[in-house]
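Welcome to a short tour, best followed with the viewer open beside you. At each stop you will get something to select and a word on what is there.

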Amino acid sequence: MRRVLILIVVLFLSFQSFSQHTESFYFWPFNNYTQKIDFNESVNMPNANADTLFNNARAFITAHFRSQKDTILVENDTTNTIICKGAYFVNAEQLGERGKGYIGFTLSIECRYNSYRYSFSNFEHYPLRSNGVFGGPLENETAACGGRLFPSRYWNEQKAKCYYMVQTTIEQLKEAMNKNTDG
């Protein structure tokens, strides 16, 4: 009887410890080749030529990425490719001024006849000020500056904010690319 009682107590305590770990899990698309988070998709656009898609992509980039942290790296008319370094500003309000930061990423759009391909990758959290908290690559389980300065629950909140911002940007990109795409 004692052994059964001890087993029940051990099982109860182990279940309790698992329930304390309530992280939010997001299904981040992961590229096994680069070992990085990578949102990418090839989208078929029947009757759309590459020039129209490229102009739509250029208009989208210039309209949506205007902050000081955003930069267009490559805008190549011959290959119909745009590569942009962008940023989402995120704040961990609970950390005050130290919690202000941004998540930098790379967006590339390749336009071809009847299709385009986009890729969001290289996500990394940076502090807005020199005394702020540094998260590092979003692939990290814990923030680069450590759990005491940037607790896991706040780190996971910043990652969740980024996930939803990327999803919103993808929807906006698809909407922008659908404009005036008749051959």
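Which side chain does Glu-75 meet in a salt bridge? Select Glu-75 and look for Arg-58: the two side chains form a salt bridge, with N and O 2.5 Å apart. Please keep in mind throughout that this is a predicted model.

Now colour the elements that hold the two partners. Glu-75 belongs to strand β3 and Arg-58 to helix α2, so their pairing ties together parts that lie 17 residues apart in sequence. Switch on a surface if you like: Glu-75 counts as partly exposed because its relative accessibility is 38%, and Arg-58 is likewise partly exposed at 27%. Next, add Asp-77 to the selection. Salt bridges with shared partners join Arg-58, Glu-75 and Asp-77 into one network.

**Along helix α2**

Stay with Arg-58 and extend the selection to residues 50-64, which make up α2. From first C-alpha to last, this 15-residue helix reaches 21 Å, close to the 21 Å expected at 1.5 Å a residue. At its N-terminal end, pick Asn-49, which caps the helix: a side-chain oxygen of Asn-49 lies 3.2 Å from the backbone nitrogen of Asp-51.

Which residues of α2 are buried? Select Ala-50, Thr-52, Leu-53, Phe-54, Asn-56, Ala-57, Phe-60 and Ile-61 to see them. As you look down the helix, recall that an α-helix has 3.6 residues a turn, so residues three or four places apart point the same way.

Then show what covers those buried residues. The cover includes the strands β3 (71-76), β4 (81-91), β5 (100-112) and β6 (115-127), together with helix α3 (152-177).

**On to helix α3**

From that cover, move to Lys-161 in α3. Lys-161 forms a salt bridge with Glu-93, the closest N and O atoms being 3.7 Å apart. This pair links distant parts of the chain, since Glu-93 sits in the loop between β4 and β5, 68 residues from Lys-161. Is Glu-93 buried or exposed? With a relative accessibility of 55%, Glu-93 counts as exposed, whereas Lys-161, at 27%, counts as partly exposed.

**One last pair**

Finally, select Glu-97 and Lys-100, whose side chains meet in a salt bridge at 3.1 Å, N to O. Both are partly exposed, Glu-97 with a relative accessible area of 43% and Lys-100 with 27%. To explore further, how many salt bridges does a search of the whole structure find? The search finds seven.

Technical notes:
Residues are numbered from 1 along each chain as its sequence is written. This is a predicted model: local features need pLDDT of at least 70, side-chain atom pairs count only at pLDDT 80 or more; totals for chains, interfaces and linings use all residues. Side-chain values use heavy atoms; hydrogens and water are left out. Helices (H or I, at least four residues) and strands (E, at least two) are DSSP runs, numbered from the N terminus. The expected span of a helix is 1.5 Å times one less than its number of residues. Buried means under 20% relative accessible area, exposed over 50%, partly exposed in between (1.4 Å probe, protein chains only). Contact means heavy atoms within 4.5 Å. A polar contact is a pair of N or O atoms within 3.5 Å; within protein, one must be able to donate a hydrogen and the other to accept it, and residues adjacent in sequence count only if both atoms are side-chain atoms. A salt bridge is a side-chain nitrogen of Lys or Arg within 4 Å of a carboxyl oxygen of Asp or Glu.
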